[in-house]
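Here's a quick walk through some salt bridges and an enclosed space. Have the sequence and the 3D view open as you read.

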Amino acid sequence: MSEKKTIIGTHISKQFDQELEDIRERVLQMGGLVEEQFGRVMTALMDGDADQAALVAAEDYKINQFEMEIDEECVLILARRQPTASDLRLVVAVTKCIRDLERIGDETERMARMIQNSIEIESPENYYKGFLAAGESIRKLLQSTLDCFARMDVMSAVKQMREAYIIDREFHSMTKQLVDRMKKDPESITSALDMMWATRCLEKVGDHCVNILENVVYSVKGQDVRHQHLDEVEETVKQS
Amino acid sequence: MNMSEHTQQNEHKTEGTPLLDDPRMSTRGVDVFYGDKQAIFNVDLDIGKNQVLAMIGPSGCGKSTFLRCLNRMNDTIDICKVTGSISLDGEDIYDRKIDVVELRARVGMVFQKPNPFPKSIYENVAYGPRIHGLVDHKVDLDEIVEKSLVRCGLWKEVRDRLDQPATGLSGGQQQRLCIARAIAINPEVVLMDEPCSALDPIATATVEELISELSERFTISIVTHSMQQAARVSQRTAYFHLGKLIEVGDTDQIFTNPTHQLTEEYITGRIG
């Protein structure tokens, strides 16, 4: 089987090249903003900074704005160019990725609002220790996911899917610990529930990262690897 | 071209699935030459029964030349030489025993520009069945004309003016009339060489709809420059490049995830 190269910038229509390059760049800009917002929430949590958390929550509209604008650009490309093959896959992948990025923005906003409610805790960095560690893992996953999208790097995407799976297992043990804490100390139920929700938000961010990674594989290889076991995904990617 | 160049060119391998289990037409090792110049290189391709096969590729890639081999239209070009084998229902169409007129009744053709005869609408459709002796009585001929025009979605538009000149019809109507003329003699295969390139979008949509309907009864092979048309009307797509059959596959796969780099470049508009 011949190896295919996918290069955006080689169309006969230079304007089409530009349009595809534009949506790709806009996704990266959107991803950059999502990553920044997420990082700010984690910092706000660590510092117990309610104002910073409020600011992050208030700025979610910027991410929504990105989603709507990129969506519109994709619709125009579909209407004007009727893209095929790798171009079609890229446009479809972009429409899906921006939805996931927007959802990550929503989860970030949700976490920011929760932090505002529980900011009176002293030494929050100790109180939130486990959560912050998980948050850092998710931040790195988000960063790597965006790198995979930027470089359209399929092998790294599969590697990051594995990473996401490991992090996901940590969430299960975190949830179990919180339940144990609530059983032992009923007074901690309110704060533990807050933490449970926040943990759930992080878990969802991880799931959205996986969706984006699956779309990187689809865009490059033309293979739909959703709902596949990781070993199967790896096999599919190697074979195609 | 010397022999070693010829051999090298012929070593090319087609990606995908050019061969089928139970084809209507089969070509094996087909080379076509115009004088010294080779236009088609070693094409192995099957055309499935009641399927629409789209042939795509840049101008000069040989797709029309290849299509014209399928009912020996190239016989009319003196310097054109076709080698290899082409069969219809297992029978070699280049065999000396084959009557070319009869072959073209079994493998009909619709051209780029609508070319109705300068006769009435009725006579355009009736001409084929009459010269091939398919009917004995006028009433049978009337039935064939009506049925063919109905199948082409033209009957309601022309039934009150069957005796009027076909040249008075619009471009889209003329092309549908040519298709009605081709199917009136009940062919097994209909070849279409860019049948919509001279039509407006509405007429094109009507002809495309017609192609889909006709594929239930006939095997269709269509050459088109429109990627979207190939994607809309065909079940299989064959990509030609510089006289070689590069890739053949299910149309859905070719337009979303082609295997060969050249196919990818052509359908995404990276080569002209």
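Is A:K14 buried or exposed? With a relative accessibility of 54%, A:K14 is exposed, where exposed means over 50% relative accessible area, buried under 20% and partly exposed in between (1.4 Å probe, protein chains only).

Before going further, some ground rules. This is a predicted model, where local features need pLDDT of at least 70 and side-chain atom pairs count only at pLDDT 80 or more, while totals for chains, interfaces and linings use all residues. Residues are numbered from 1 along each chain as its sequence is written, chains are lettered from A and ligands numbered from 1 in the order in which they are written, and side-chain values use heavy atoms, leaving out hydrogens and water.

**Salt bridges**

Over all chains, there are 32 salt bridges, each being a side-chain nitrogen of Lys or Arg within 4 Å of a carboxyl oxygen of Asp or Glu. Here are three of them, with their N to O distances.

| Pair | Closest N and O atoms |
|---|---|
| A:D17 and A:K14 | 3.7 Å |
| B:K49 and B:D22 | 3.2 Å |
| B:D89 and B:R24 | 3.0 Å |

A:D17 and A:K14 sit three residues apart, about one turn, in helix α1 (residues 14-47) of chain A. Helices (H or I, at least four residues) and strands (E, at least two) are DSSP runs, numbered from the N terminus. A:D17 is buried at 8% relative accessibility.

Now for chain B, where B:K49 forms a salt bridge with B:D22. B:K49 is in the loop between β3 (37-48) and β4 (52-56) and B:D22 in the loop between β1 (15-16) and β2 (23-34), so the pair ties together parts 27 residues apart in sequence. B:K49 is partly exposed at 36%, and B:D22 is exposed at 51%.

B:D89 also bridges to B:R24. That pair links distant parts of the chain, 65 residues apart: B:D89 is in the loop between β5 (80-88) and β6 (91-92), and B:R24 is in strand β2. B:R24 is buried at 18%, while B:D89 is partly exposed at 37%. Both belong to a salt-bridge network with B:E91, B:R106 and B:E188.

**The cavity**

There's one cavity of 30 Å³ or more, a cavity being a set of points on a 1 Å grid over the protein atoms alone where a 1.4 Å probe fits but cannot get out. Its volume is about 90 Å³, taken as the space filled by probe spheres set on the points. The lining has 10 residues, with A:L45, A:M114, A:I115, A:Y128 and A:A198 nearest the centre; lining residues have an atom within 4 Å of a point. Helices α4 (85-117) and α8 (189-221) of chain A each supply at least two lining residues.

Key:
1 Å grid on protein atoms, 1.4 Å probe; cavity = no way out; pocket = protein on both sides within 12 Å on 5 of 7 lines; lining within 4 Å.
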